[in-house]
Amino acid sequence: MIPKECKRLAEVDFPIAVVSKHSAREKSIRHGHPSTLHLWWARRPLAACRAMLLGLLLPDPCDPHCPTDFKKEARRILAPLPQALEPDDDGLRRSLLRFIGDFANWDLAANQMYLEASRSLVRAAHPEETPLVVDPFAGGGSIPLEALRIGCDAFASDLNPVACLILKVMLEDIPRHGPELAEELRRVGKEIKKAAEKELAAFYPKDPDGAKPIAYLWARTVKCESPNCGAEIPLMRSFWLCKKANRKRALKYKVVRNPALSQNDSLLKPAPSGRGQGEGSSHNCVGGARLLAMVTLRPGETGRHYRLPNAQDYQAVWKAELKLKSILDEWERGGKKGLCPVPDEPTPAGGGSGAGRAFSVQKYGMLQWGDLFTARQKVGLVKFRDVVAFIGSDDYAIKRLLACAFSRVAMSDMHCTRWNAVAEKMQHTFGRQALPIVWDFAEIVPTAEAPGNWRSGYELVTDVIKLSSPNSHAGQAQIADAVEFPGISESVDI
């Protein structure tokens, strides 16, 4: 056992430059990284958590109170690694710091040699009992996850239920079930996709030539308040649809006169007059949104194709509005039992500086979370929810994984997304830590083969499972108030 008088490694030195470099690199790692399981804004870098935990758990070899047995065992453990071992205590300290810095690299996080070395070092420093790491503000779970990776016991809690969902999946489900969980999720995910395609086919119709829509590009509109004008103006950042060097596509606007308006009225319209996206009824989309273009995939051809919208596209929107009305009417007739099918909780209030600027949607009339979705998006998500509930497994682990996959779809299938004309794909809402208004947005098709769809949602989750740390034992997570935290006692190591 490490004497209380013995300083820990982190108290005397730390490879901060190397760990900082690996922490910064983690932000660009997508597939398989635990951060892709579910969005959590305050997530801490795994590299920093892994390195600091080792620094706090291992004693300083140069401290006179450091156990001799630990120093002897540490040299044996580090010997097979690709780093030079020096004979004195100063050299052992440098070797341990080098190991901590190297192991902060995400590429080595699941490397069997480095994993076993880290766990062996922790056992050598704490031979009597496995160290217990407790985090009462666990959030996205970086600290307890890394505690499990290096062989500790972990207890985590958070007051936020979304955080607790993430913690349950990362600390309990994945370590307990292993890679088999990924295969089961993929099997159930495919069944859900097949059923959802049938349920939503009428709302995302194919073209007569067989082309399948993957995205609908919209722009919110305003009515010119100039006297004798009244023109409807789509608010667009750019007319570009595709900016790839070998094939550029863009909308070309045309100002036309609308005889239904006054003589001086005009309309900037890349699409025919018709129904737009609105709440509850059909209208000429003044103050709503206008469909600008369609993005499709043609059978037997590569790449995206673009076309102007037609009557069939607007008719599909109208069908979705009618379907949404029937869903809400049925809920009301049933006495409004349970949660509303469309989230009716208030959105964050914006205004002012700092976080107020980040959450600005209430200024534009989006007072409830349901207001962040078009009628068709609401219908699509409700249908997906029903299919998930019907097909989903009775296994709580699979249910939680499906919830994570569903959340990724909801994050993409809302009208705060953008169309990336360079990559020709939808950019999901939370490209930064904000919920801003987006004037021209991309409405994706959740069953299509394109980013933001249901398949990409559950495949990202399976990647996390497959690349998780092997042979980690399960931790424990629960919803708890840190003020009344049940896990803090003298037996907690960190």
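These are my notebook entries on aromatic pairs, helix packing and a few single residues in a predicted model.

**Entry 1. Aromatic pairs**

I looked up ring pairs, taking centres within 6.5 Å as the cut-off. The count comes to eleven aromatic pairs. I then took up Phe99 and Phe103, whose ring centres are 5.7 Å apart with the planes at 20°, so this pair is stacked. I checked where the two sit: both are in helix α4, which covers residues 89–103. They are four residues apart, about one turn of the helix.

Next I looked up accessibility for the two rings. Phe99 has 0% relative accessibility and counts as buried. Phe103 has 1% and counts as buried, because the cut-off for buried is under 20%.

I followed Phe99 to a further partner. Phe99 and Tyr114 make a stacked aromatic pair, with 5.7 Å from centre to centre and 5° between the planes. Phe99 belongs to helix α4 and Tyr114 to helix α5 (residues 112–125), so this pair ties together parts that are 15 residues apart in sequence. Tyr114, at 8% relative accessibility, counts as buried. I noted Phe99, Phe103 and Tyr114 down as one aromatic cluster.

**Entry 2. Charges over rings**

I asked which residue lies over the face of Phe103. I found Arg50 there, at 5.2 Å from the ring centre. I also noted Lys399, which lies over the face of Tyr396 at 5.2 Å from the ring centre.

**Entry 3. Helices α3 and α5**

For packed helices I wrote down the angle between the axes and the distance between them. Helix α3 (residues 68–78) packs with α5 at an angle of about 170°, and the axes are 9 Å apart. Angles over 145 degrees count as roughly antiparallel, so α3 is roughly antiparallel to α5.

I listed the residues that make this contact. From α3 they are Phe70, Glu73, Ala74, Ile77 and Leu78. From α5 they are Ala117, Ser120, Leu121, Ala124 and Ala125. Sorted by class, the contact of α3 with α5 has eight nonpolar residues, one polar and one charged.

**Entry 4. Helices α11 and α12**

I did the lookup for α11 (375–391) and helix α12 (residues 396–412). Their axes come within 11 Å and cross at roughly 170°. The two helices are therefore roughly antiparallel to each other.

On the α11 side, the contact is made by Leu381, Phe384, Arg385 and Val388. On the α12 side, I found Leu402, Phe406, Val409 and Ala410. The classes in the contact of α11 with α12 are seven nonpolar, no polar and one charged.

**Entry 5. Ser360**

I asked where Ser360 lies, and whether Ser360 is buried or exposed. Ser360 is in the loop between α10 (355–358) and α11. With a relative accessible area of 9%, Ser360 is buried. I left aside the neighbours within four places in sequence and looked up the remaining contacts of Ser360, which are Leu435, Pro436 and Ile437.

**Entry 6. Val18**

I located Val18 in helix α1, residues 16–26. Val18 has 34% relative accessibility, so I entered Val18 as partly exposed. I then looked up how far Val18 is from Leu96. The two are 78 residues apart in sequence and 13 Å apart in space, taken from C-alpha to C-alpha.

Definitions and conventions: Residues numbered from 1 in each chain as written. Predicted model: local features only at pLDDT ≥ 70, side-chain atom pairs only at ≥ 80, totals over all residues. Heavy atoms only, no water. Phe/Tyr/Trp six-rings, centres within 6.5 Å; stacked < 30°, edge-to-face > 60°. Buried < 20%, exposed > 50% of the residue type's maximum accessible area, 1.4 Å probe, protein only. Lys NZ or Arg CZ within 6 Å of the ring centre and 35° of its normal. Axes fitted to C-alpha atoms, helices over the stretch in contact; angles between N-to-C directions. Parallel < 35°, antiparallel > 145°, perpendicular 65-115°, else oblique. Contact = heavy atoms within 4.5 Å. Nonpolar A, V, L, I, M, F, W, Y, C, P; charged D, E, K, R; others polar.
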